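Work through the following exercises with the sequence and the coordinates open beside you. Each task is followed by a solution that proceeds step by step.

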Amino acid sequence: MVDLLKEFQTKSIPQACDYLSDYCEVYINTSGMSMNHARSLHSAIPGILTIVFGAPTSRGWIHIEILPEHNASIRRTFRSDGPFLKALIQLAKYPEYSYDMVPEAFSEDVRKALAAGATQYLPRLYTNCVHFEKRSGIMGTTDIRESATRQSTIFPRSLSGEYRIKFNTIQFFLHHTVNVATHNPPLPTSQPSLLSTTTTTTTTPSTFPSRGPSGIPNTYGNSSLQTPNTSYNASASVGSQRIAGASGINTNANSFSNQQQYRPQPRPRSIIGGIYEQLMTEYMRHYIPCGGNSNNGGASEFHPIIGMFLLDECIETWIRNSWISSGQKLSTERMHYIILFVKHIVGGDLRRCYSDNRQSATTNYQIVYNSIKSELYALISRLALNWSKDDDYLQVVTLWSIWTMPWTLGVQQQRTKNNMETETYRPIADGWAQYIMENVLFYIPLSGIFLQRIRTFTYPEKLPTPLPSNTTPFNHFHHPPSVTIASTTPNNNNNIATTPKPSDQLKITCRFMYVFKEEGLIDFLSIVEQSLVRIQSETTHVSSQQQQTASTSYINPQAIDILSTQYFNGQKTYVQQILKKTYDDLIQLDGGTWICPNLFIKNATPRSKPLVEALDALAQACLPQQNTSLSTTTTTTTTVRPTWGVASSASTTKSTQYIKELQEVSKIFASIFSLPKPVLKKQTSTARSIFSSFQQKTTNRSISSTGSSTTTAVKKERIPMAGLKNGGFLTEEERQLIRQGQMRCSHQNIPLVGPRAEEVVRSSEVKFMVRWIIPFDRQMNKYYHRWRPAKVTSMLPEKLTIRPLADTVNIAYLILIIIILFAIF
């Protein structure tokens with residue numbers, strides 16, 4: 001029998017793809033399938049997927065630069081209706097052709113559920129993939145006395161077996177394609193060329209450093225599939241294969257290093273915009289039914305063999321398991337495919353999920369929508385809170401805007417410089433009211449999170465990053481941001497653009513504003529917000545403190561009636577059910593209490609604090625401020641000359657065009673949210689800088705024939721001190737002002753608490769007396785608290801002290817009294 005994996009390895013990319021297609025078409029996709037060839041294909045599938053799509057520690061064909069005709073060969077072989085996928089679907093009908101996955105290939109919560117036997121808590125992805133694997137019977141006899149002393153449990157004993165996850169061939173292919181290929185790109189290291197068309201007997205691509213953080217699970221559990229020529233162990237069942245360990249790896253270090261010495265090294269490329277994106281788009285269109293989308297002609301039914309597996313795999317890998325800590329962020333590739341996946345679902349016209357809400361049957365598109373809705377909200381909320389303070393925060397806002405603006409997807413739009421689309425939509429009039437009502441959590445809580453970030457923006461104008469000269473042999477390749485291609489030509493400074501460009505912070509703010517600029521959307525959300533306040537007043541008792549904090553001007557007793565009459569044809573019961581569910585979700589999100597943020601209610605006083613501060617940040621950025629930090633240089637003649645950290649001698653300020661754009665955006669922002677237009681106040685200092693209070697004032701300037709001496713007097717304005725209003729403790733507002741350089745903090749304002757409050761020597765005390773009195777007081781109070789009568793405790797002081805004797809005034813009076821008494825007696 002032919003070793004399919006070996007034949008696939010020793011051929012060039014077009015030859016390997018054609019050979020695999022012919023193999024599947026001749027031996028598998030026929031009425032009389034050859035069992036020997038089926039077993040050979042089943043054994044070779046993990047190695048083939050590692051070569052093409054990579055592994056957690058190695059690159060595949062999709063991660064390196066290859067010729068355009070090689071990309072075409074890959075697509076022909078792995079297309080949805082190609083012979084290879086047809087063969088995988090054919091093998092999926094036979095349970096013996098399956099793969100047992102090790103628990104380390106999955107997330108921690110899935111491993112815990114498998115270990116405890118609580119399979120009912122597993123995600124839907126693993127519902128039909130879990131099986132109980134019994135251990136070998138040669139485990140010795142059972143000790144009855146030991147078994148009787150153990151606590152009873154409803155879960156199976158670890159000695160009898162364990163729950164494992166088993167994928168059939170098509171499930172394993174989709175799991176590998178989605179999970180492995182979108183890991184963080186590995187660092188560029190040496191690898192044998194895959195561009196060579198010559199055949200070799202043994203080829204072992206080298207492995208690469210880990211593709212992502214250690215928290216990302218390894219799909220294979222170990223390094224058994226890091227090299228394509230790994231030989232696998234077959235389990236006892238015919239055709240079944242365990243992805244756990246390798247019986248041997250054929251490597252030859254000397255011959256491999258000699259091959260590397262004479263072969264060109266392939267350059268890495270991003271998986272964005274390449275063959276992988278084309279394949280994933282095709283798989284989503286055929287296997288995730290979002291029918292009704294005329295743009296992509298998607299399917300309307302789930303595949304009978306694949307079912308909802310691809311949908312659940314994308315949700316599990318890209319949505320549910322995309323976790324970041326504070327200050328971290330996802331890779332550009334991961335975010336790109338999350339957005340691509342959400343776009344595919346939203347592009348099917350989500351109004352269809354509510355058009356037939358009276359029918360008892362649930363459509364396939366409703367299943368897709370309900371599967372991703374709650375998981376997507378959790379993803380966006382944790383990304384919005386934890387994403388690092390970089391300009392690529394725009395990716396998070398873009399993902400959020402896709403779900404909150406489904407009416408714009410698929411429409412060709414013209415964009416201005418500030419990313420504000422010129423076309424105006426009418427989502428309420430076009431039937432999107434029910435969708436917005438069901439997704440209020442995306443509009444109110446998430447908007448508050450984004451405004452918390454937007455209010456910290458300074459909107460600088462930055463110089464563009466110079467592009468290195470690239471000698472890439474092919475122009476169609478895409479490189480990830482983390483990969484820098486070395487230049488073989490001398491650097492030419494004339495090619496570097498020096499014109500400043502607006503920061504992406506302005507794009508983030510514009511993208512956020514554009515969501516709410518649609519006709520009638522703010523008015524609808526205002527009524528919804530008022531209705532939630534009405535539900536709150538009917539459900540719970542609002543305390544007097546909350547009544548003072550919240551506004552009373554926006555409380556509208558008729559809000560629910562107006563909402564149901566104007567937007568939902570009088571379906572008041574349905575509206576109340578949705579509002580009650582939304583209010584319960586808001587209570588859980590805010591930890592048991594919820595106060596209306598007044599984001600959209602025009603007459604509310606006060607309005608949302610982050611909303612007002614975001615507009616104020618825009619107004620401050622409109623001032624003609626300098627961009628770079630101030631640096632001072634001192635000469636030997638005591639001359640102080642303030643300069644700016646730029647290459648040229650002239651100071652760099654925001655361009656007039658950029659200031660006009662900021663002013664225009666601030667006016668639009670105030671108009672959309674019905675806020676008073678900001679009043680621009682001229683400042684003599686640079687805002688949000690620790691050196692912002694320095695002002696230049698030239699007093700004398702004398703120039704002599706032998707030399708010149710310029711004297712500049714720098715006047716320092718007083719920066720307010722923080723910690724004076726709260727007993728030395730900083731408020732949240734003061735913390736923000738300190739970070740922005742508008743307030744300062746001194747250690748002298750720190751309140752004295754604990755033992756330090758007793759040991760600090762005051763200015764009026766004698767130091768050696770304090771050092772002697774403190775231990776004496778502690779010892780004296782120790783006996784005082786022990787023998788103090790309980791009946792008269794309230795009449796006696798809490799503690800005794802002779803600390804006043806350390807005061808210099810008291811010492812002087814004490815000496816004077818002693819002298820007088822000595823003189824008298």
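The model used in these exercises is a predicted one.

**Exercise 1. Overall description**

Task: State how many helices and strands the protein has, and what share of its residues is buried.

Solution: Begin with the secondary structure, where the protein has 29 helices and 11 strands. Next, turn to burial, for which the share of buried residues is 44% of the 825 residues in the protein. Then consider the surface, whose accessible area comes to about 43,400 Å², with 53% of that belonging to carbon and sulfur atoms. Finally, take the contacts between residues at least 6 apart in sequence, of which 74% join residues at least 24 apart.

**Exercise 2. Two salt bridges within helices**

Task: Find how Glu 108 is placed relative to Lys 112, and how Lys 581 is placed relative to Asp 585.

Solution: The general background is that side chains of opposite charge can pair when their charged atoms come close. In the first pair, the side chains of Glu 108 and Lys 112 form a salt bridge with an N to O distance of 3.4 Å, which satisfies the cut-off of 4 Å. Both residues belong to helix α6 (residues 108-116), and because they are four residues apart there, about one helical turn separates them. As to accessibility, Glu 108 is partly exposed at 48%, whereas Lys 112 is exposed at 53%.

In the second pair, the closest N and O atoms of Lys 581 and Asp 585 are 3.5 Å apart, and a salt bridge is formed. This pair sits in helix α23 (residues 572-589), where a spacing of four residues again corresponds to about one helical turn. Asp 585 is partly exposed, with a relative accessibility of 23%. A search of the whole structure finds 22 salt bridges.

**Exercise 3. Arg 803 and its surroundings**

Task: Locate Arg 803, decide whether Arg 803 is buried or exposed, and list the residues that Arg 803 touches.

Solution: First, Arg 803 is found in the loop between α28 (767-787) and α29 (808-824). Second, its relative accessibility is 14%, so Arg 803 counts as buried. Third, leaving aside residues up to four places away in sequence, Arg 803 touches Glu 758, Val 760, Arg 762, Glu 765, Val 770, Ile 773, Ile 774 and Asp 777. For Asp 777, the separation from Arg 803 is 26 residues in sequence, while the C-alpha to C-alpha distance is 8.0 Å.

Fourth, examine Arg 762 and Glu 765, whose side chains meet in a salt bridge at 3.2 Å, N to O. Glu 765 is buried at 12% relative accessibility, whereas Arg 762 is partly exposed at 44%. Elsewhere, salt bridges with shared partners join Asp 109, Glu 316 and Arg 320 into one network.

**Exercise 4. Lys 373 and the cysteines**

Task: Describe the setting of Lys 373, and then determine how many disulfides there are.

Solution: Lys 373 is placed in helix α14 (residues 364-386), and at 18% relative accessibility Lys 373 counts as buried. Apart from residues up to four places away in sequence, Lys 373 touches Trp 403, Glu 438, Asn 439 and Phe 442.

For the cysteines, the count of disulfides comes to zero. Cys 353 has the sulfur of Cys 290 as its nearest cysteine sulfur, 8.6 Å away, whereas a disulfide requires the two sulfur atoms to lie within 2.5 Å. Cys 353 is buried at 5% relative accessibility, and Cys 314 is buried at 0%.

Conventions
Residues numbered from 1 in each chain as written. Predicted model: local features only at pLDDT ≥ 70, side-chain atom pairs only at ≥ 80, totals over all residues. Heavy atoms only, no water. Helix = DSSP H or I, 4+ residues; strand = E, 2+ residues; numbered from the N terminus. Buried < 20%, exposed > 50% of the residue type's maximum accessible area, 1.4 Å probe, protein only. Contact = heavy atoms within 4.5 Å. Areas by Shrake-Rupley, 256 points an atom, 1.4 Å probe, with all protein chains shown as cover.
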